[in-house]
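Me: I am new to reading protein models and would like a close look at one part of this one. Could you walk me through it step by step?

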Amino acid sequence: FVSFAVAGNLGKIIVMLVAALILDRLFPLPLPDRDSSSVIVIASDGTPLRAFANENGVWRYPVAVDEVSPRYIEALVGYEDRWFWRHPGVNPGALLRAARQWAVAGHVVSGGSTLTMQVARILEPGQRNSFGKARQILRALQLEWHFSKREILALYLNHAPFGGTIEGVEAASWAYLGKPARNLSHAEAALLAVLPQAPSRLRPDRHNAAAQVARDKVLRRMAAQGSWTRSEVVDSLIEPVVSRRMAAPMLAPLLAERLRREHPGRTRIKTSIDADLQRVLEDRVTAYFSRLPERSSAALLVVVVIGLICYALWCV
């Protein structure tokens, strides 16, 4: 009798696995098209010279997990999904807690979504109702079946919304802070970790006060969890939320345009240009132009004479 029961359970498991495989084939994951990524031309140190939006007008700078500051990863996982590295895509405890809070308060207090579920919603936006949540859960399980945790995290890093037409942490870091995501401070990491929760309401360039409140909440959560030391958090709370005015980079624009045409299909094109020197020289040319009549043209030739000087000194 026991052997028949075991065989029956095994048969049910096999049927469920076969059904899952069939459904996986019938409803494949809506993964982003690589060709839809924006193109960025960068200087020798990684500074963006010029960025080209994709066909949807979205600015996205491709970045790998290892190219992002560990502080940002810590803040993101610590605030959004502490069990990300352990759960199978869904956290039943978080979902039950969210349902209980909703039943008591009469409105959504916490969503209960894991990072994997958020990736599923980014890849396949849908209505925020019971059906949409169920589909999100199934897609999250499907993501975990096909990809590693780091691959799922990379999808979030490159496609999370950060306000306006900005997607991905690298594009957001350059747009709002003027620096690469690998150089974020604790305060900056906390700010960018919370921004995708409500990108239009928390944009630091438009809603500075709201952004600071949300950032400070993340910082205090990290201190309470013991992820960051209390002294690190105290110093970060003092740091003001400063956001520069968003503007697409436009250094060496003609060179960038030529390189984009010469390298179709590449999303990141690196040059040997010194971004600081390029910026100084362009500013000088602009200042010179201000004294010229309209429709004037100018060209700047930079001659490197270090080798000639060294040769002259050697001859002496």
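How many residues lie between β1 and β2 in their hairpin, and which residue in the turn has a positive phi?

Reply: Happy to help! Keep in mind that this is a predicted model. The hairpin of β1 and β2 has 5 residues between its strands, and the turn residue with a positive phi, about 95 degrees, is Gly-46.

Let's look at the two strands themselves. β1 covers residues 39-42, and its pairing with β2 is antiparallel, over 4 bridges. One of the residues you can pick out is Val-39, whose bridge partner in β2 is Phe-52. Strands of a sheet are held in such pairs through backbone hydrogen bonds, in either the parallel or the antiparallel sense. β2 runs over residues 48-52, and 5 of its 5 residues are buried, so this strand is mostly covered; buried here means under 20% relative accessible area.

Now zoom out a little. The hairpin strands belong to an open sheet of 3 strands, in the order β2-β1-β3, and the pairing in this sheet is mixed. At its edges are β2 and β3 (268-270), each of which pairs on one side only. On average, neighbouring strands in the sheet are turned by 15 degrees against each other, with direction ignored. Helix α12, residues 253-262, packs on this sheet and touches β1, β2 and β3. The direction of α12 makes about 55 degrees with that of β2.

Phe-52, the partner of Val-39, is worth a second look. The charged end of Arg-260 sits over the ring of Phe-52, at 4.2 Å from the ring centre. Arg-260 falls within the residue range of α12, 253-262, and Phe-52 within that of β2, 48-52.

For comparison, you can find a similar arrangement at another ring. The charged end of Lys-149 sits over the ring of Phe-84, 4.7 Å from the centre of that ring. Phe-84 also takes part in the 1 aromatic pair counted in the model. Its partner there is Trp-85, and the two rings are edge-to-face, 4.9 Å centre to centre with 70 degrees between the planes. Phe-84 counts as buried because its relative accessibility is 0%, whereas Trp-85, with a relative accessible area of 44%, is partly exposed.

So, back to your hairpin: β1 and β2 pair in the antiparallel sense, with Gly-46 in the turn and α12 packing on the sheet.

Definitions and conventions: Residues numbered from 1 in each chain as written. Predicted model: local features only at pLDDT ≥ 70, side-chain atom pairs only at ≥ 80, totals over all residues. Heavy atoms only, no water. Buried < 20%, exposed > 50% of the residue type's maximum accessible area, 1.4 Å probe, protein only. Pairing = 2+ DSSP bridges. Axes fitted to C-alpha atoms, helices over the stretch in contact; angles between N-to-C directions. Contact = heavy atoms within 4.5 Å. Phe/Tyr/Trp six-rings, centres within 6.5 Å; stacked < 30°, edge-to-face > 60°. Lys NZ or Arg CZ within 6 Å of the ring centre and 35° of its normal.
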